[in-house]
Amino acid sequence: MLTIGFTLAYGAMFSKVWRVHRFTTKTKTESKKKVEPWKLYTMVSGLLAVDLIILMTWQIEDPLQRKLEIFPLEDPGKVSEDIKIRPELEHCESRNHSVWLGVMYGFKGLILVFGLFLAYETRSIKVKQINDSRYVGMSIYNVVVLAIITAPVTMVIASQQDASFAFVSLAVIFCCFLSMLLIFVPKVIEIINNPSDKLDTKSSTDIGISKEDEERYKKLINENEELQKLISQKEDKIRILRQRLTDMDSFNKST
């Protein structure tokens, strides 16, 4: 369940940052094309299918079995009786458990590294309709860092059941909380501050705008405003000259 949950959560962010990267790298002939939503769903479904194939192959070829880990005898605390305590810990493992974990971690590591690369490539990109691309990239950084820390630590403290469970639980909760905070809180704040923009967002197209295009657009707007001012000044001068010509004609006729 942890593997599938990770794929569904991270796969959604991965597909979104891949969509932003596609907008910034497409050629001029593809400028009017857009990434269809079904392609993003297909990407997440593909990642989920790979997970299911690995898990099913693992369960069929090397099924999980109950194993008992026995620790050295311990003296009970504050008990006068002549007894010893034998701690035992049950594990659910297969014969080649480390190999299957390596395969799973390798696959997850590849998509984490690729997602980190895409997030780095699109760190300064602003795309219309995907205005949270920066926050998605920050969420990917968050997932990568926590995954790199959590995976080896849980393998080291696997024999300490309480510590392992607490560490994994806190890592998952913190990762999900921080990712949702980065993605949804800015949207809520934007809706509260600009409630009239919701209709514009729904009716606008799905064309990407990079940071350079946005700066160029602002520059063109400023130049257009300056040209309009010059045109207005010229029109005022023309109007004054016409008025003078009219006055001169009327004066000549009167004389």
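This is a short talk on the salt bridges, aromatic pairs, a surface patch and the annotated spans of one structure.

Hi everyone, and thanks for coming. Before anything else, please keep in mind that this is a predicted model.

Let me start with charges. Side chains of opposite charge can pair when their charged atoms come close. How many salt bridges does a search of the whole structure find? The search gives 3, and I'd like to walk you through them.

We'll begin with D51 and K108, whose side chains meet in a salt bridge at 2.6 Å, N to O. D51 sits in helix α2, residues 37–61, while K108 sits in helix α3, so this salt bridge ties together parts of the chain that are 57 residues apart in sequence. Are these two residues buried or exposed? Both D51 and K108 are buried.

There is a neighbour to look at here, and that is T7. You'll find T7 in helix α1. Its relative accessible area is 2%, so T7 is buried. If we leave out residues up to four places away in sequence, T7 touches A12, L47, L48, D51 and K108. So both partners of the salt bridge we just discussed, D51 and K108, are among the contacts of T7.

Next comes the salt bridge between the side chains of R95 and D62, at 3.9 Å from N to O. This pair links distant parts of the chain, 33 residues apart: R95 is in the loop between β2 (88–93) and α3, and D62 is in the loop between α2 and β1 (65–70). Look at the two partners in turn. R95 has a relative accessible area of 57%, so R95 is exposed. D62, on the other hand, has 2% relative accessibility and therefore counts as buried.

That leaves R66 and E90, whose side chains meet in a salt bridge at 2.8 Å, N to O. R66 lies in strand β1 and E90 in strand β2, so here the pair ties together parts that are 24 residues apart in sequence. With a relative accessible area of 58%, R66 is exposed.

Now let's turn to the rings. A pair of aromatic rings is described by the distance of the centres and the angle of the planes. In this model the count comes to 5 aromatic pairs. Take F14 and F114: the ring centres are 5.6 Å apart and the planes stand at 50°, so this pair is tilted. The pair links distant parts of the chain, with F14 in helix α1 (residues 2–25) and F114 in helix α3 (residues 97–121), 100 residues apart. F14 is buried, because its relative accessible area is 6%. F114, at 39% relative accessibility, counts as partly exposed.

F114 also forms an aromatic pair with F117, and this one is stacked, with 6.4 Å centre to centre and 15° between the planes. Why are these two residues about one helical turn from each other? They are 3 residues apart in helix α3, which means a separation of about one helical turn. F117 has a relative accessible area of 40% and is partly exposed. Stepping back, ring pairs link F6, Y10, F14, F114 and F117 into a cluster.

Let's move to the surface. Which residues form the nonpolar patch? They are L116, Y120, Y135, M138 and Y141, with about 430 Å² of accessible area together. Helices α3 and α4 (133–156) each supply at least two residues of this patch, and α4 gives the most, with 3 residues. One of the patch residues, L116, is placed in helix α3. L116 has 31% relative accessibility, so L116 counts as partly exposed.

Finally, a word on annotation. The unreviewed UniProt entry carries the annotation "transmembrane region" for residues 40–60, 99–120, 140–159 and 165–185. What does the model show for two of those spans? Residues 40–60 are 100% helix and 0% strand, and the end C-alpha atoms lie 30 Å apart. Over residues 165–185 the chain is likewise 100% helix and 0% strand, with the end C-alpha atoms 29 Å apart.

One thing to take back to the viewer: D51 and K108 are buried, and T7 touches both of them. Thanks for listening, and I'm happy to go through any of this with you.

Methods:
Residues numbered from 1 in each chain as written. Predicted model: local features only at pLDDT ≥ 70, side-chain atom pairs only at ≥ 80, totals over all residues. Heavy atoms only, no water. Phe/Tyr/Trp six-rings, centres within 6.5 Å; stacked < 30°, edge-to-face > 60°. Helix = DSSP H or I, 4+ residues; strand = E, 2+ residues; numbered from the N terminus. Buried < 20%, exposed > 50% of the residue type's maximum accessible area, 1.4 Å probe, protein only. Contact = heavy atoms within 4.5 Å. UniProt positions renumbered as here; feature names shortened; annotations may be inferred. Patch = residues over 30% accessible without salt bridge, like charges linked within 9 Å, V, L, I, M, F, W, Y side chains within 5 Å. Areas by Shrake-Rupley, 256 points an atom, 1.4 Å probe, with all protein chains shown as cover. Salt bridge = Lys/Arg side-chain N within 4 Å of Asp/Glu carboxyl O.
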